[in-house]
Amino acid sequence: MCFVKLFRSISWVTAIVLLVISIGCSQTKSLFYSDDKKDELISDLNSLIDNCFAAPNKGDVVVDTLIIYEADSVLELNFSQALIHYPIRLNNVDSVTTLLTNRLYKEYPGYKIDFLLKGDSLWDYIPDFYKNIESSASYDGIRVDKAVVKRDGYNFPRGLTNSHIALWGGHGWYYNHDLDRWQWQRARLFGTVEDLFVHSIATKYLIPMLNNAGANVFYPREICANANEVIVDNAISSGNSKIEIVDGEFSWLTHDIGGFMHKERLYSGENPFTKGSHYAIDASFEKPGKIIYIPEIPEDGYYAVYTSWAYNKDALNNVKCRVNYSGGSTSFTLNQQMGYGTWIYLGEFYFKEGNSRDLASVEILGYGEPGGVITTDAVRFGGGMGSVARGKGNNKLTSKRLRYMEGARYFLQYSGVPDTIYSLNDGKNDYNDDYMSRGEWVNYLKGDNDADSIKGLNIPVDISLSLHTDAGITPFDSIIGTLGIYSTYKNDGKFPSGDSRLLSRHLTDIIQTSIVDDIKVKYNSEWVRRPLWDRQYSEAWRPDVPASLIEFFSHQNAADMKYGLDPTFQFDLSRSVYKGVLRFLVGADAVVQPLPVRQMSIMYLEDNRVRVKWKEQIDKLEPTAIADYYTIYMRKEGYGFKKVGLTDEIYYDIELPCEDYIYDFKVTAVNKGGESFAGETLSVYTGGVNKEMVLIVNCFDRVDAPSFFDNGNIGGIAWWEDYGVSDGLDYSRTGFQYDFDRSSPWIHDDSPGWGASSSELEGHGVLGNTFENVNRQGKFFKGADISFISVSKEAFKDFEVDQLKMFSLINFIYGRQKSVIDYKDSNLYRYTLFCDRIKKQIELYASKGGKMLFSGAYIASDAKERGDDETEGFMKDVLGYKWHSGYADRSGRIVCSGCSDFNLPGELYYNNSLTNSEIYGVLNPDSFIESSDYSRVLYRYSQTNSAAAVFYDKHYSVLSFGFPLESVICEKEGVELIKGVLDIFELNF
C-alpha cells in the first residue's frame, strides 16, 4: 500500500525517504505539499475544530497526524491525546466530520476520511447509550438467567435483575507496618474521613438502590455497622445459637472438606473457609430435608444476614432459602453453582432479642431436582468486630474497631478469599494490599473454578465501581468537581471476553455525565466536570470487566463538602450513579425506579380500619420513574416491617389486627425498573380509653449538612451552631473540626492542617432524622391511654375545616426542623417551619377553640435568624411566645416552674448527646419570652433558668416546648408529661 505521513514534527528529508519507500510499494502517485503547505493545511483543520468538542481550553484538541492512503482513497486523521479527557458525542463527531470533510474535499475528492483517537475510531469512544441505534446498552455483560441470589417475587425486567456488580467506597482502617499501628488511610477532615465517608454513602444509598433494581451487589468491606455478630455453624456457634435438622427422605451429611470455622483471631494466610466442614444433601422433590439456623440475638436491632455454601460439581442453581425475622419471612433462591466458600449477603432484617425460630432464623430447604446436591455452611448475623491480627513478631493485634471500619484487605481474608488475592505485597504493605486487592477480588469473583488460570467463584460480574472523594483543594471555595478514571492499558486493550476496554471509558463517561448533569440541575450550575483519565490506577486497571473509578468530589475542599455532607445530596449523587449503571447495562429500554412517595397520611375510618394515603413524587429529571403500583408495609409495635398489600391506587384501607399496639406504616413505589426507597413512617394507635383521636402532624422532614462559615482566612464547619441532621444513623462522622485556619499546611494525616477534625465520634452512629418520630412521641400518648393518628405536614396543609374540627388536640412535631437557604436560589428556603399555608391552618384551628402542642429546637429562633417579621408576629399573636435565645441550655435538663397546680413531672431530661443511637441529640434548644398576659412559663432550663415551655390560654390553647419532645430520654417521663398536658388543656379522653 502506498502511503505518506504528514505531521508537524516530521522533517522534509524523512518525508522524501518515505516517498521513495512508498513508490517502491506501488505505482500509485503520492501527493505532497511543501512544508509551508502542510503546516497550512493542518492549521486550517485545527482552526475549524476548536468548538467541536467540550474542551475548556482552546487548542487542547488538535489534529496530530494526517495519513494519506492513496491506493485506498482514505484519509486518516489522528487527534491529539488531549481529546481522551473529554466526552465525545454524536454531535461532536458529526460537526468535526462536516467541517473537516468540507475543508479536505477540494484536495481529496472522493476520499473516505477516518477520524481516530489512539488508533480507535472516534465513533468507538461514544457510549452506545448516546448513539441513535436500536440497542443502546453499552455492555450486555454476562448477565444470566439465574443470579447468585434472587429475592423471590422481585423481578424488574427493565431494571437490573440478574446483574452482578462489584463496588466499593473509600479506603479503611489499616495496619501501618512502618509505624506498627492501625490507622486511617486518609486524614480526618471536616468532621469525617474518606475511609468512612464514601463507604457510608455507598452502603446507605447506592447499594440499596442497586438492590432495589434487582442487582446482586458484592462489596469487599463489611456492610453492617451493628457491633454484634452471631455465627451459627455446625462447628462453633455464638452463645446459645443452634442448628435444627429436619430430615426428609435423605439426610444432611457432614462433609469435612471445605467449610467455615470461626476463630477469634485470624493470622496471616489463614482462610476460615478452609478450616471447617459443611452440610450437604441429595436434592429431592418428594421428601426434602430442611436445616434451620437459629441465632441467639443479643439485642433488638437490624442485622445483616450472610449465608454460605460449599463447592460441589452437582450443585443446583435454584436452592430455596428463607429468612424469618420479627416482621415475617422473606424467601430467596440461591444459585449454588457460583459464589461458594464465601459470605453471601441476603439483606438487613430486624430481629428480636433471644433465640426464637419464628423471629430469627435462616432455613435452607433440600428441595430440588434429584441428582443435584445442595450444600450449606455457616450463617452470620450482624457486622461485629475486626478479627484479623496484624503486627510485628509476636505482637499481633486486631484493629479493635468495628469490622465495617476496616479496609477491604481484612474483610476479604475473613470472607475466604485466598491470600494470593488480598496480600499482593507478601504481607509487608497493607496499604498497597488494600487498594490493589480490590481489582483482583473482582477477577476472583468472576473466575471459573474449573479454569486452569484462576480459581474463582464463577460469578458473572458485569461491572466494577470504585468510589472515592480524594481530589484536592481550591482557593476561594471554588468547586473541585467530579473526576472519572478508567484504564485501557491491560492485555492490548482487550478484556478476556474479547471486548474492548473502551467499555470502561463508556461506563465512566455515562456515570460521570449522569452525576454532573444532575448536580447542575438540582444544586449548582457551575459544578465542574473534571477530565476522563485513561490511567493505570489499580482499581480501574486490574478488573477484567468494565471498571470505573469515580472521584465524586473533594473531601479536602470546603466548597465541595458543603454539598457532600448533605444527606439529600448524597441520595441524589447515589441515584445518579445508579442511573449511570442502569444506562450502561440496559440502555434506552431502562426504567428508573421511582422516588419515595410523599404527602402521607393515616386516617381512621371505622371498626378499627384505617386508610393510608400518599402521593407520588414526580422525578422531573427522569420521565420513566413513574410508579406502576405501590407496596404497603406495616410494623407492629416492637417488631419489624412486613409487606401487607399492593395497590395501584394512592391509598390503602386495612383493618388493624389489634387495638393494643401502635402500628407503623410506610409505602414504596414500584415499576418495571425497581422499588423506591420508602417515604416517611407514620403511626396509628386506636386503643385509647375512647375513640377520640389526637392528630400528630410530622413537620420534621429535614436532613441537612452542618453549618459552614467563611471569614476569609478562617472557615469550615460551624458545628456549634448546627451539627446538621443526618439521615438515620450516620457512621461516617469522626468528630469536630478544630483547625479553621486556611493557611494551616498539611504535615501528615495526623496533622492535616485546615479542616482537621477530632475522633471522639468514631464507631458511634450519630442519629439524625429517622422519619419515625411520630412513633417515638406516639408511645407517650399510648402510655397515657390516648388514641392518635398521624399525617405529614404536606398532607396537613390540605385539611378542610371539618377535618380539623374532628380533633380535640393537634400535636406538631418540629424536631430539628430549621430553614436552610436553597442551593439554586438564595431567596428561597428549604425546611421552613411555618409556611403561609401551615400558619393559615393553625389560625383556622385556633379560631375553632382548638388545643395545640408544639415542640422543636428552632420553633422560635428560626424566624428570628431569617428576619421573618411576619412569622415572629404570628408566634407572638397566635402561639403566645417570643424568641429569647437559640442557645438556651447544654445541660439536657428542664425543671417545672411554679406550675404545681398542674399534674406535670417536676423535671425532665432530653438527650443532648450525639452518641445516643436511639434518640437524636439536641445541642441548641430554644428558649422563649411570654408574649402576653395569657402566656405563662411552665418549664425552665436548669442551667440558665430561661423558659423551656410556655402555655398560652385564651379562647384556644397552645403549649410550646423549645426542644423536641421525642428527645425526652425516659419513656415513662414522656408518658407522665403527656398526662400533664391533658390536664393543662382540660381534656378528659
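Which residues in helix 15 meet which residues in helix 17? I would like to start there, and I should say at once that what we have on the screen is a predicted model, so please take everything that follows as a description of that model.

On the helix 15 side we find Asp836, Lys839, Ile842 and Glu843, and these meet Glu870, Thr871, Phe874, Val878 and Leu879 in helix 17. If we sort the residues of this contact by character, they divide into 4 nonpolar, 1 polar and 4 charged. As for the geometry, helix 15 covers residues 836–847 and helix 17 covers residues 869–879, and their axes come within 12 Å and cross at roughly 15 degrees. With angles under 35 degrees counted as roughly parallel, helix 15 and helix 17 are therefore roughly parallel to each other, and their crossing is left-handed.

Let me stay for a moment with one residue of that contact, Lys839, which is found in helix 15. Is Lys839 buried or exposed? Its relative accessibility is 7%, so Lys839 counts as buried, the cut-off for that word being under 20%. Once we leave aside its neighbours within four places in sequence, Lys839 is in contact with Phe834, Glu870, Thr871 and Phe874.

The second helix pair I want to show is helix 4, residues 194–212, with helix 11, residues 567–585, where the axes come within 9 Å and cross at roughly 55 degrees. That angle makes helix 4 oblique to helix 11, and helix 4 passes helix 11 in a right-handed crossing. Helix 4 contributes Phe197, Ile201, Tyr205, Leu206, Met209 and Leu210 to the contact, while helix 11 contributes Pro567, Gln570, Phe571, Ser574, Arg575, Val577, Tyr578 and Val581. Sorted in the same manner, the residues of this contact divide into 11 nonpolar, 2 polar and 1 charged.

Let me turn now to the strands, beginning with strand 17, residues 290–294, which is mostly covered, in that 5 of its 5 residues are buried. Lys290, Ile292 and Ile294 point one way from the strand, whereas Ile291 and Tyr293 point the other way, and all of them are buried. Where does strand 17 find its partners? One is strand 14, residues 242–246, which runs antiparallel to strand 17 and is joined to it by 5 bridges; here Ile291 of strand 17 is the bridge partner of Ile245. Strand 17 also pairs in the antiparallel sense with strand 22, residues 361–365, over 4 bridges, and in that pairing Lys290 has Leu365 of strand 22 as its bridge partner.

Finally, there is an open sheet of 3 strands, whose order is 15-16-23 and whose pairing is antiparallel. Which strands form its edges? They are strand 15, at 253–255, and strand 23, at 373–376, each of which pairs on one side only. From one strand to the next, the twist averages 35 degrees. Within this sheet, strand 16, residues 278–282, and strand 23 pair in the antiparallel sense over 4 bridges, and Ile281 stands opposite Ile374 in strand 23.

To return to the two helix pairs before I stop: helix 15 and helix 17 cross in the left-handed sense, whereas helix 4 passes helix 11 in the right-handed sense.

Definitions and conventions:
Residues are numbered from 1 along each chain as its sequence is written. This is a predicted model: local features need pLDDT of at least 70, side-chain atom pairs count only at pLDDT 80 or more; totals for chains, interfaces and linings use all residues. Side-chain values use heavy atoms; hydrogens and water are left out. Axes are lines fitted to C-alpha atoms, for helices over the stretch in contact, and angles run from 0 to 180 degrees between N-to-C directions. Angles under 35 degrees count as roughly parallel, over 145 as roughly antiparallel, 65 to 115 as roughly perpendicular and the rest as oblique. A crossing is left-handed if the near helix is turned anticlockwise from the far one by less than a right angle, and right-handed if clockwise. Contact means heavy atoms within 4.5 Å. Ala, Val, Leu, Ile, Met, Phe, Trp, Tyr, Cys and Pro count as nonpolar, Asp, Glu, Lys and Arg as charged, and the others, Gly among them, as polar. Two strands pair if DSSP finds at least two bridges between them. Buried means under 20% relative accessible area, exposed over 50%, partly exposed in between (1.4 Å probe, protein chains only).
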